[in-house]
Amino acid sequence: MASAPLHETSPEPSAHDERLMRLAIGLGERNLGLTWPNPSVGSVVVDESGDWPVIVAQGATQKGGRPHAERVALAAAGDRARGATLYVSLEPCSHHGKTAPCADAVVEAGIARVVSAIEDPDVRVAGRGHARLRAAGIPVTVGCLAGAARQAHRGHITRVTKGRPMLTLKLARTTEGFAGTRQGPRLMITGETANARMHLMRAHADAIMVGVGTILADDPLLNVRLPGLQARSPVRIVIDSRLGTPPGSRIVTGARDIPTWIVATAAAAVEAERELAAHGVEVLRVSPDANGHVALDEALQLLGSRGLTRVFCEGGPGLADALAKADLVDELVLVTGRSARGEGDVPALGLALQDRMDDLRLVGDEQIGSDLFMFWEKS
């Protein structure tokens with residue numbers, strides 16, 4: 001049989017296709033933060049032979065990235081996959097890794113039709129999965145809820161196209177626009193409900209990132225403390241050019257329980273690295289920038305090479321502004337709290353981030369408790 005072209009015009013998805021694709025995307029989103037270095041894909045097998053479609057099986061990419069969503073759903077469907085339609089939030093893979101291609105598994109299962117949200121930009125796939133299915137005589141519809149799927153897979157897409165993880169920057173500010181005080185105790189800007197929402201965001205990230213200033217000022221745990229989700233605490237990353245993180249800080253003493261990486265410059269003291277490593281911390285070194293600080297673009301590339309796809313940055317205004325200056329902010333979550341009205345003297349938005357706001361578009365806002373969340377994305 002002649003091979004099909006890599007890119008072929010697809011029939012338009014129906015409203016029925018969109019309903020089932022919404023389910024597939026939602027299934028994949030549940031495991032965000034668990035599947036790196038692979039994307040968290042969702043898949044649904046549907047029997048459409050009768051008067052009403054019947055969902056036969058569902059699947060999502062599993063922890064560590066394997067098995068893939070398609071294989072999970074097909075295994076659950078068994079013989080009922082033959083003649084059914086497969087909905088999948090990202091193009092089935094076509095390359096041999098630690099497992100055989102998912103496109104081959106779809107063909108072998110006897111799937112009669114595939115509805116795929118988007119093509120995978122990974123150069124190892126990039127249309128070849130769809131082409132393999134079409135070459136086997138399986139009709140493929142591509143582009144169903146493509147916008148929603150691109151957002152769900154933005155971390156994977158950023159990593160395979162830019163070589164770095166997607167970076168979401170979270171900043172909390174008072175109603176007057178301040179993130180903290182130069183002197184005195186830490187400002188408690190947000191309420192309990194908003195804090196729970198931010199812990200859920202942590203649970204859906206591959207890593208939480210802060211600067212050493214946050215460690216010195218707050219001695220945070222940087223874990224997930226929502227009931228039932230404590231095991232989903234992601235990798236903890238500290239940007240610390242000179243390795244000034246105290247060995248007695250909670251992030252260091254807990255490094256054997258939660259993976260903890262500190263990114264320093266090549267010039268940081270070897271003795272400090274040895275002391276941190278004795279507690280289970282892994283020190284990563286990159287080049288310094290013109291000011292002797294960690295070169296953030298190189299640091300993000302290094303994190304991408306280690307498989308991270310989604311980094312949630314909770315550092316303060318200094319790190320936020322440096323990331324904005326390096327054009328590394330893909331999403332901004334700006335939380336305005338009411339509990340610290342009239343307090344603070346450190347602006348939440350630095351000059352570089354203010355300049356970059358024109359590159360971001362507001363995509364939504366949500367009142368959570370007494371606090372306002374505003375969500376921005378890079379255009």
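How do the residues of the lining of the largest cavity divide into nonpolar, polar and charged? I began my entries with this question, keeping in mind that the model is predicted.

**Cavities**

I searched the whole structure for enclosed space and found two cavities of 30 Å³ or more. The largest cavity has a volume of about 80 Å³, and of the 14 residues that line it, I noted Leu 32, Pro 39, Ser 40, Thr 309 and Arg 310 as the closest to its centre. Sorting the lining by class answered my opening question, since the residues divide into four nonpolar, eight polar and two charged.

I then turned to the second largest cavity, which holds about 60 Å³ of space. Its lining, as I listed it, consists of Ala 324, Asp 327, Leu 328, Val 329, Leu 353, Arg 356, Asp 359, Leu 360 and Lys 378. By class I counted five nonpolar and four charged residues there, with no polar ones.

**Pockets**

For the open sites I looked up the largest pocket, whose volume is about 1,600 Å³. It is lined by 50 residues, and those closest to its centre are Thr 214, Glu 314, Gly 315, Gly 316 and Pro 317. I also asked which elements give two or more residues to this lining, and I recorded strand 6 (166–173), strand 7 (178–180), helix 7 (192–203), strand 8 (207–211), helix 8 (212–218), helix 11 (296–305) and helix 12 (317–325). The class count for the lining came out at 23 nonpolar, 15 polar and twelve charged residues.

The second largest pocket has a volume of about 580 Å³, and among its 21 lining residues I found Gln 151, Met 201, Arg 310, Glu 331 and Phe 375 nearest its centre. At least two lining residues come from each of helix 5 (146–152), strand 6, helix 7, strand 12 (310–313), strand 13 (331–336) and strand 16 (371–378). I noted 13 nonpolar, three polar and five charged residues in this lining. Going back over my entries, I saw that Arg 310 is listed among the residues closest to the centre of the largest cavity and also among those nearest the centre of the second largest pocket.

**Cysteines**

Finally I checked for disulfides and found zero in the structure. Why is Cys 93 not bonded to Cys 102? The sulfur of Cys 93 lies 3.7 Å from that of Cys 102, its closest cysteine sulfur, and this is too far for a bond, because a disulfide needs the two sulfur atoms within 2.5 Å. I looked up the accessibility of both residues as well: Cys 93 counts as buried because its relative accessibility is 8%, and Cys 102 counts as buried at 0%.

Note on methods. Residues numbered from 1 in each chain as written. Predicted model: local features only at pLDDT ≥ 70, side-chain atom pairs only at ≥ 80, totals over all residues. Heavy atoms only, no water. Buried < 20%, exposed > 50% of the residue type's maximum accessible area, 1.4 Å probe, protein only. 1 Å grid on protein atoms, 1.4 Å probe; cavity = no way out; pocket = protein on both sides within 12 Å on 5 of 7 lines; lining within 4 Å. Points joined across faces, edges and corners; volume = space filled by probe spheres on them. Nonpolar A, V, L, I, M, F, W, Y, C, P; charged D, E, K, R; others polar. Helix = DSSP H or I, 4+ residues; strand = E, 2+ residues; numbered from the N terminus.
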